[in-house]
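Student: I would like a close look at a single part of this model, followed by one connected account of what surrounds that part.

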Amino acid sequence: MTNTDISLREIKKARAKIALYEASLSLMEDKMFHEVMVEEICQKVELSRVTFFKFFPKKEDVLIYFMQIWLTERIIEIEHLQKRGFDAIRHLLYKVGEQARTITGIMPSLISFLAQMKMHPHLQVLSRAEIRLLFPDAEEIGSQAPNLYELFKRCMAEAAELQQLKQGISVDNAVKVLFTIFYGSFLTAQQYASNDINGFYEVHLQLLENQ
């Protein structure tokens, strides 16, 4: 689809915002987000601090933006690949491990940020231009705010239907365990100084799944 239905001004704004976001990620390849300076991000894409804070009023808003984009991408993949139940969960978790190998600082930074929050962070409303640029082949899904809880709940309901979920474990309890696995297994792998993050995810998934 062409961008003729969206103004050039909006497209340029979206490109600038995405450029700042992508520069932030590239600077976390080998360090934590708190070590990344706004000046570094701006210099990398030759944009001003004023422009940065116009799009991200707080520096940490970049992490929330990452959560939103990353999860939306996974939902699109799950829908496209028609994965259900634990297959969908594995796809999601293994993508965490894949991301951690290329941008080592992102997941620890996100966990640290979320640990300081008293509620789930509020996601931004993406502009039509952002949706078009970020999710060109899946704009309908891209326009919806992603919800990890709802994704977990749907997948565990599917797992129960497919008789993949261990007997005696309710969908609601399985969702709680999945949140623990999503964040906790990653931290456990780090405590063991292991790069096999997917292996740690697999060990914990077996606590929920019929074998």
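Student: Where is F135 found?

Tutor: In this predicted model, F135 is found in the loop between α7 and α8, the latter running over residues 139-142. Although F135 belongs to a loop, its relative accessibility is 3%, and because buried means under 20% relative accessible area, F135 counts as buried. Leaving aside its neighbours within four places in sequence, F135 is in contact with I69, T72, E73, I76, L126, E130 and G142. For a sense of distance along the chain and through space, F135 and I103 are 32 residues apart in sequence, while their C-alpha atoms are 21 Å apart.

One of the contacts of F135, I69, leads on to the packing of two helices, since I69 of α4 also takes part in the contact between α4 and α1. Those two helices, α1 and α4, pack at an angle of about 100°, with their axes 10 Å apart. Angles of 65 to 115 degrees count as roughly perpendicular, and α1 and α4 are therefore described in that way. On the α1 side the contact is made by K17, I18, Y21, S24 and L25, and on the α4 side by V62, Y65, F66 and I69.

Helix α1 itself covers residues 8-26, and at 1.5 Å a residue its 19 residues should span 27 Å, which agrees with the 27 Å between its end C-alpha atoms. The buried residues of α1 are I11, A14, A16, K17, I18, L20, Y21, A23, S24 and L25, and these pack against α2 (38-45), α3 (49-55), α4 (61-81), α6 (106-116) and α7 (128-134).

From α4 the description extends to the largest nonpolar core, which has 67 residues, with M156 and F182 having the most contacts inside it. The largest share of this core, 12 residues, comes from α4. Setting aside neighbours within four places in sequence, F182 is in contact with W70, L92, L93, V96, M107, L148, F152 and Y201. Of these contacts, Y201 is also among the buried residues of helix α11 (residues 197-205), which are I197, N198, F200, Y201, E202 and L205. The buried residues of α11 pack in turn against α5 (85-102), α6 and α10 (171-191).

A last point concerns the cysteines: C42 is buried at a relative accessible area of 5%, and C155 is buried at 0%. With a disulfide taken as a pair of cysteine sulfur atoms within 2.5 Å, the count of disulfides comes to zero.

Methods. Residues numbered from 1 in each chain as written. Predicted model: local features only at pLDDT ≥ 70, side-chain atom pairs only at ≥ 80, totals over all residues. Heavy atoms only, no water. Buried < 20%, exposed > 50% of the residue type's maximum accessible area, 1.4 Å probe, protein only. Helix = DSSP H or I, 4+ residues; strand = E, 2+ residues; numbered from the N terminus. Expected span 1.5 Å × (residues − 1). Contact = heavy atoms within 4.5 Å. Core = buried A, V, L, I, M, F, W, Y, C linked by side-chain atoms within 4.5 Å. Axes fitted to C-alpha atoms, helices over the stretch in contact; angles between N-to-C directions. Parallel < 35°, antiparallel > 145°, perpendicular 65-115°, else oblique.
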